[in-house]
There are 2 protein chains.
Amino acid sequence: MTDQDHGETGSLLLDDQLCFGLYSASRAVTSLYRTLLEPLDLTYPQYLVMLALWEHDKQQVKELGAALNLDSGTLSPLLKRLEKAGLVRRDRQADDERSVRITLTEDGTALRSKAEQIPSHIGAAMGFDNKTLGRMRAAMDQLTASVNAYRESFSPA
Amino acid sequence: MTDQDHGETGSLLLDDQLCFGLYSASRAVTSLYRTLLEPLDLTYPQYLVMLALWEHDKQQVKELGAALNLDSGTLSPLLKRLEKAGLVRRDRQADDERSVRITLTEDGTALRSKAEQIPSHIGAAMGFDNKTLGRMRAAMDQLTASVNAYRESFSPA
DNA sequence: CACAACTTAGTTGTGCACAATCAAAATGCC
DNA sequence: GGCATTTTGATTGTGCACAACTAAGTTGTG
């Protein structure tokens, strides 16, 4: 029972440290977004979709999925909720009936002004300077790429 | 409309960078765990519970919740699934009938040997040296603490 | 003792994530 | 043209997360 100093069985804890830290941090950030987004009646994934649309309106579901790394199983019901909330429209394309183009409504476009105060709250909450934030973002991106590459080599899609 | 260089409206993208990176990295890591844990028939949150129990058997639901920052709404059904899989037992305490103590079964204890190869895969997948991993973990912990403190000051529980 | 306040789990309902499957439409190749 | 293949999105089912609520048990106080 005194195995917590060893490398072998103890590593079942130690190696998990970053993963669990990542998991906890991600949930904490989502939780803060939940508070900040409550007045806008948006969830964090819905907010991400709105960010993508505020940047480029009229994207296909496929394009949104590529931008956010989400598949249609997640996006389809999410987009229907945004439609029901009156923030977007979902139109089949005339030239390719398979694809659905997502367009901001007036309300959807207008919501952007309400969202503009959010980033400064997030920045203040994190409490890192911009240089550190940038380094962390780069590390996250590298981590995502490494992990995805490893997984794909493991379970060849 | 040429606001993407400014701090104000353009920051709707820039300030979100770390959050989105965190969100993506967390999902990527979970996805790798899904692959690695498939032979053990565990999800990542279930694996976290098992890690906690392998470290300290016979914990209350409350203690597991404190260790993993999960509430009973998440843990209760998860623990029932682990019980159904034959990995744990759930017993009301005689001295305090409110609390439920989670105990590893023989199968639950034995599963640990199958899990021991996982951390090295995770370490290889991340591709950072141990010092960097430690720094990132510390940064994640600080981030979680800052964000939670900010959120609590905002929505005083 | 009586009873309010608190603690501990469980339940319900909503909304992601994601695997697996399906259907419809477009494309490529003969 | 005819038909297999691919693309695009939707659907179904499972399992987290989490808010809100409930139920049961315990504790503290007069």
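In what order do the three strands of the open sheet in chain A stand? The order is E1-E3-E2, and the pairing is antiparallel. Two strands count as paired if DSSP finds at least two bridges between them. Strands (E, at least two residues) and helices (H or I, at least four) are DSSP runs, numbered from the N terminus.

This is a predicted model: local features need pLDDT of at least 70, side-chain atom pairs count only at pLDDT 80 or more, and totals for chains, interfaces and linings use all residues. Residues are numbered from 1 along each chain as its sequence is written, while chains are lettered from A and ligands numbered from 1 in the order in which they are written.

**Sheet.** Strands E1 (59-60) and E2 (88-92) of chain A are the edges; each has a single partner strand, so one side of each lacks a neighbour in the sheet. Five bridges join E2(A) to E3 (residues 100-104) of chain A. A:Arg89 has A:Thr103 in E3(A) as its bridge partner.

**Chain contact and DNA.** The contact takes 50 residues from chain A and 51 residues from chain B (C-beta atoms, placed from the backbone, within 7 Å). H2(B) gives the largest share of chain B's side, 15 residues. Around DNA strand D there are 26 residues (C-beta atom, placed from the backbone, within 6 Å). A:Lys62, A:Gly73, A:Ser76, A:Ser99 and B:Gly73 come nearest.

Classes: Ala, Val, Leu, Ile, Met, Phe, Trp, Tyr, Cys and Pro are nonpolar; Asp, Glu, Lys and Arg are charged; the others, Gly among them, are polar.

| Surface | Nonpolar | Polar | Charged |
|---|---|---|---|
| Side of chain B that touches chain A | 28 residues | 15 residues | eight residues |
| Surface near DNA strand D | five residues | eleven residues | ten residues |

Terms used. Two residues are in contact if their C-beta atoms, placed from the backbone, lie within 7 Å.
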